[in-house]
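Welcome! Grab a pencil, look at the picture, and try each exercise before reading its solution.

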Amino acid sequence: MAKLIFVALALCGLWTGAALAASALGATTTGASASGRQAGAPAAGTAAGTASTRAEHARVTGVKVLAVGVFTSEVESRSFSPSIADGIRDHARSFELVRRGSTVTAGLETGIGLRYQLTGSPKGAVVVVDVVVRHPKIINPDTQLPMTHSTTQYERVIGDVAHSVWSFDTPGDLVAGEYVIELLHRGKVLARQEFQVTVKE
């Protein structure tokens, strides 16, 4: 499949195969609320109680999409994920937007994705975001079964800049067609972006 990239300022996560993305143009955003984990350090003497209370009250209200298009990045670590078409889940950094838009020509070592910020409160709270990519049929190299739907989860920080990118890393990942990337929090769709992908000859 592809890898999914996640970034919160300097942090990022990536799927390999097809890429995940969204942009300010053409992205559909809706609000959602749910609890999450707090990133900040609690005050001395009330660590457990304060952290628990703030986590329970963390609320995601939506997504502000900053850019959508073709990204490049540097992979920091890689792990196996059976829920991703090509089985690869990366953590990456140094994301660079090389071309804006949702109609793209895919090439190796690039990805389609989005740069965004979660809105909500308290700012700095850590919450879990589900990333779903609907893509053309890709054969999983381990199971040898076709997949048209890939999912993973990443932690995001409310208010920080983040990236989610579906990347094309092997020839088997280069499949033309429609790709749809969705960001969800506790079952609520925060953003949805469609891409029309062609492949370089």
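Below are five exercises on this predicted model, each with a worked solution.

**Exercise 1. The overall layout**

Task: Find how many helices and strands the protein chain has, and describe their order.

Solution:
- Step 1. Start by counting: the chain has one helix and 13 strands.
- Step 2. Next, read from the N terminus, where the order is β-β-β-β-α-β-β-β-β-β-β-β-β-β.
- Step 3. Now consider burial: of the 201 residues in the chain, 46% are buried.
- Step 4. Look at the contacts between residues at least 6 apart in sequence: 76% of them join residues at least 24 apart.
- Step 5. Finish with the outside: the accessible surface is about 9000 Å², and carbon and sulfur atoms account for 53% of this area.

**Exercise 2. The nonpolar core**

Task: Work out which residues have the most contacts inside the largest nonpolar core, and which strand supplies the largest share of this core.

Solution:
- Step 1. Recall a general tendency: nonpolar side chains in soluble globular proteins tend to be buried together.
- Step 2. In this model, the largest nonpolar core has 33 residues, and Ile112, Leu118, Trp166 and Val197 have the most contacts inside it.
- Step 3. Now ask where the core residues come from: strands that each supply at least two of them include S7 (103-106), S8 (110-121) and S11 (161-168).
- Step 4. The largest share comes from S9, with six residues.

**Exercise 3. Strands side by side**

Task: Describe how S9, S10, S12 and S13 pair with one another.

Solution:
- Step 1. Begin with S9 and S10: these strands run antiparallel and are joined by eleven bridges. One bridge to look for places isoleucine 138 opposite methionine 147 of S10.
- Step 2. Inspect the turn: S9 and S10 make a hairpin with six residues between the strands, and glutamine 144 in this turn has a positive phi of about 65°.
- Step 3. Move on to S9 and S12, which are also antiparallel, with five bridges joining them. Here valine 131 stands opposite leucine 183 of S12.
- Step 4. Finally, S12 and S13 pair in the antiparallel sense over nine bridges. Their hairpin has two residues between the strands, and arginine 186 takes a positive phi near 50°.
- Step 5. Check how covered S12 is: seven of its nine residues are buried.

**Exercise 4. Two rings**

Task: Decide whether the rings of phenylalanine 168 and tyrosine 179 are stacked, tilted or edge-to-face.

Solution:
- Step 1. The structure holds one aromatic pair.
- Step 2. The ring centres of phenylalanine 168 and tyrosine 179 are 5.9 Å apart, and their planes stand at 85°.
- Step 3. The cut-off for edge-to-face is an angle over 60 degrees, so this pair is edge-to-face.
- Step 4. Locate the partners: phenylalanine 168 sits in strand S11 and tyrosine 179 in strand S12, so the pair ties together parts that are eleven residues apart in sequence.
- Step 5. Both phenylalanine 168 and tyrosine 179 are buried.

**Exercise 5. Charged partners**

Task: Follow the salt bridges of arginine 93 and arginine 192, and say how accessible the residues involved are.

Solution:
- Step 1. Six salt bridges are present in the structure.
- Step 2. In one of them, arginine 93 meets glutamate 76, with the closest N and O atoms 3.2 Å apart. Arginine 93 lies in strand S6 (residues 88-100) and glutamate 76 in strand S5 (residues 59-80), so this salt bridge ties together parts that are 17 residues apart in sequence.
- Step 3. Use the cut-off: exposed means over 50% relative accessible area. Glutamate 76 has 52% and counts as exposed, while arginine 93 has 36% and is partly exposed.
- Step 4. Turn to arginine 192, which forms a salt bridge with glutamate 182 at 3.2 Å, N to O. Glutamate 182 and arginine 192 are also bridge partners between the strands.
- Step 5. Arginine 192 has a second partner, glutamate 194, with the closest N and O atoms 2.8 Å apart.
- Step 6. Compare with the cut-off for buried, which is under 20%. Glutamate 182 is buried at 9%, arginine 192 is partly exposed at 32%, and glutamate 194 is partly exposed at 36%.
- Step 7. Put the pieces together: Arg134, Glu182, Arg192 and Glu194 are linked in a network of salt bridges.

Conventions. Residues numbered from 1 in each chain as written. Predicted model: local features only at pLDDT ≥ 70, side-chain atom pairs only at ≥ 80, totals over all residues. Heavy atoms only, no water. Salt bridge = Lys/Arg side-chain N within 4 Å of Asp/Glu carboxyl O. Helix = DSSP H or I, 4+ residues; strand = E, 2+ residues; numbered from the N terminus. Buried < 20%, exposed > 50% of the residue type's maximum accessible area, 1.4 Å probe, protein only. Contact = heavy atoms within 4.5 Å. Areas by Shrake-Rupley, 256 points an atom, 1.4 Å probe, with all protein chains shown as cover. Core = buried A, V, L, I, M, F, W, Y, C linked by side-chain atoms within 4.5 Å. Phe/Tyr/Trp six-rings, centres within 6.5 Å; stacked < 30°, edge-to-face > 60°. Pairing = 2+ DSSP bridges.
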